[in-house]
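Me: I've got a model open and I'd like to go through it bit by bit. Can you take my questions as they come?

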Amino acid sequence: MSVSSRFETSQARPTLEGAGVQLHRAFGFQDPTELDPFLLFDDFRGDHPDMFEKGFPWHPHRGIETITYVLSGSVDHTDSLGNTGTLGAGDVQWMTAGSGIMHQEMPHGNAKGQMHGFQLWANLPSSLKMTAPRYQDVDAKEIPEITDDDGTRVKVIVGDFWGKSGPVDGIAADPQYLDISVPAGVKKTFKLSHHRRSFAYVYEGDAAFADASTPTGILLEKEVGGEEVNIRDMSGNRTLVRFGASDSVTVQAGAQGVRFLLISGQPLQEPVAWHGPIVMNTRAELMQAVKDLRNGTFIKPAH
Ligand code: CO
């Protein structure tokens, strides 16, 4: 972890998940207050079927939402409630597990054998942990994309941005989920709310991320697109940038441009009791979930 430009950066770490999927975890299973309301972020981009084809066979979820965003390849999804579907390139699935689902998620490569995507876990507030499960499957075509004069492109998956609203709604953490592309050398400022927890995850190219209070004109070592930036502050592929309580972020794209996700949400500030794919508020609720799994009462009948 390094502190630069008053933002904290770290690299996603190689992790084995599911039945042996090789992925990179940007955060998760550590301090759940750090990016509250978000619990986990997995980058499961793999360029060979060996890395992902074992998939994520049947497993439960309770008390959270999982947000899957596919860039290439596909993910077949089946659950215990009879829901089934395939997420293709550009598609998003926002799943509210609520009181409980059992599902499997099986990735498949594209013609080149690649499967690229991300999964984010958002926590549910205590009042909604046992809500009925809900899916929002979003086709790539439904996601608005805005192009600015300087070539910056923003896909609005959730939340409002530059006058567009994303297709996913009714989410407890009031999140914003943007997929942003800034061309080489372009400098762009994005508004943040210091009441919210915000982070960026870089997945192509690189950029310097700075906030408004970062002094400029010091430690200048490299010129990028006419702007001098400290090369040590460049964040590249698989870098997580945590913004803390900032009102804005200025992104100075490097020589290859940059693609990153910009995600924020309202902190829940509730106690977290976490066991694998089940996240509740108390240990007693976790024990109840384990008991429900054992007794076959984990899945609640629809009302
Ligand atoms: Co799952």
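Me: Which strand does Gly265 lie in?
Reply: This is a predicted model, so keep that in mind throughout. In it, Gly265 belongs to strand S25. That strand covers residues 248-265 and also gives two or more residues to the lining of the second largest pocket. So the element holding Gly265 is strand S25.

Me: Is Gly265 buried or exposed?
Reply: The cut-off for buried is under 20% relative accessible area. Gly265 comes out at 0%. That is under the cut-off, so Gly265 is buried.

Me: What separation do the C-alpha atoms of Gly265 and Gly20 have?
Reply: Along the chain, Gly265 and Gly20 are 245 residues apart. In space, the distance between their C-alpha atoms is 30 Å.

Me: Now the metal. Which residues coordinate the cobalt ion?
Reply: The donor atoms sit at 2.1 to 2.4 Å from the cobalt ion. Three of them are NE2 atoms of histidines, and an OE atom of a glutamate completes the set. In sequence the donor residues follow the spacing H-x1-H-x41-H-x1-E. By name they are His59, His61, His103 and Glu105.

Me: What geometry does the site of the cobalt ion have?
Reply: The angles among the four donor atoms run from 86 to 175°. Tetrahedral would need all angles between 85 and 135 degrees, and 175° breaks that because it lies outside the range. The site is classed as irregular.

Me: How many residues apart in sequence are the parts that His59 and His103 tie together?
Reply: The cobalt ion takes a donor from each of these histidines. His59 is in strand S6 (residues 56-61) and His103 is in strand S11 (residues 101-108), so the pair links parts of the chain whose separation in sequence is 44 residues.

Me: Are His59 and His103 buried or exposed?
Reply: The limit to apply is under 20% relative accessible area. His59 has 17%, while His103 has 0%. Both values are under the limit, so His59 and His103 count as buried.

Me: What is the order of the strands in the open sheet of four strands?
Reply: S6 and S11 run antiparallel and are joined by four bridges, with His61 standing opposite Ile101 in S11. S6 and strand S9 (84-87) are the edge strands, each pairing on one side only. Neighbouring strands in this sheet are turned by 25° against each other on average, direction ignored. With antiparallel pairing, the order is S6-S11-S8-S9.

Me: Over to strand S24. Which residues point the other way from Thr239 and Val241?
Reply: In a regular strand, side chains alternate between the two faces of the sheet. In S24 (residues 239-242), Thr239 and Val241 point one way, and all four residues are buried. Pointing the other way are Leu240 and Arg242.

Me: Which residue stands opposite Val241 in S24?
Reply: S24 has antiparallel bridges to strand S2 (residues 7-11), four of them, and there Gln11 stands opposite Thr239. Strand S20 (residues 197-210) pairs with S24 in the antiparallel sense over three bridges. On that S20 side, the residue opposite Val241 is Ala200.

Me: What volume does the largest cavity have?
Reply: There are three cavities of 30 Å³ or more. The lining of the largest cavity includes Phe27, Phe29, Leu35 and Phe38. Its volume is about 70 Å³.

Terms used. Residues numbered from 1 in each chain as written. Predicted model: local features only at pLDDT ≥ 70, side-chain atom pairs only at ≥ 80, totals over all residues. Heavy atoms only, no water. Donors = N, O, S within 2.8 Å, 3.2 Å for Na, K, Ca; no water. Tetrahedral: all angles 85-135°; square planar, octahedral: opposite > 155°, others 65-115°. Buried < 20%, exposed > 50% of the residue type's maximum accessible area, 1.4 Å probe, protein only. Pairing = 2+ DSSP bridges. Axes fitted to C-alpha atoms, helices over the stretch in contact; angles between N-to-C directions. 1 Å grid on protein atoms, 1.4 Å probe; cavity = no way out; pocket = protein on both sides within 12 Å on 5 of 7 lines; lining within 4 Å. Points joined across faces, edges and corners; volume = space filled by probe spheres on them.
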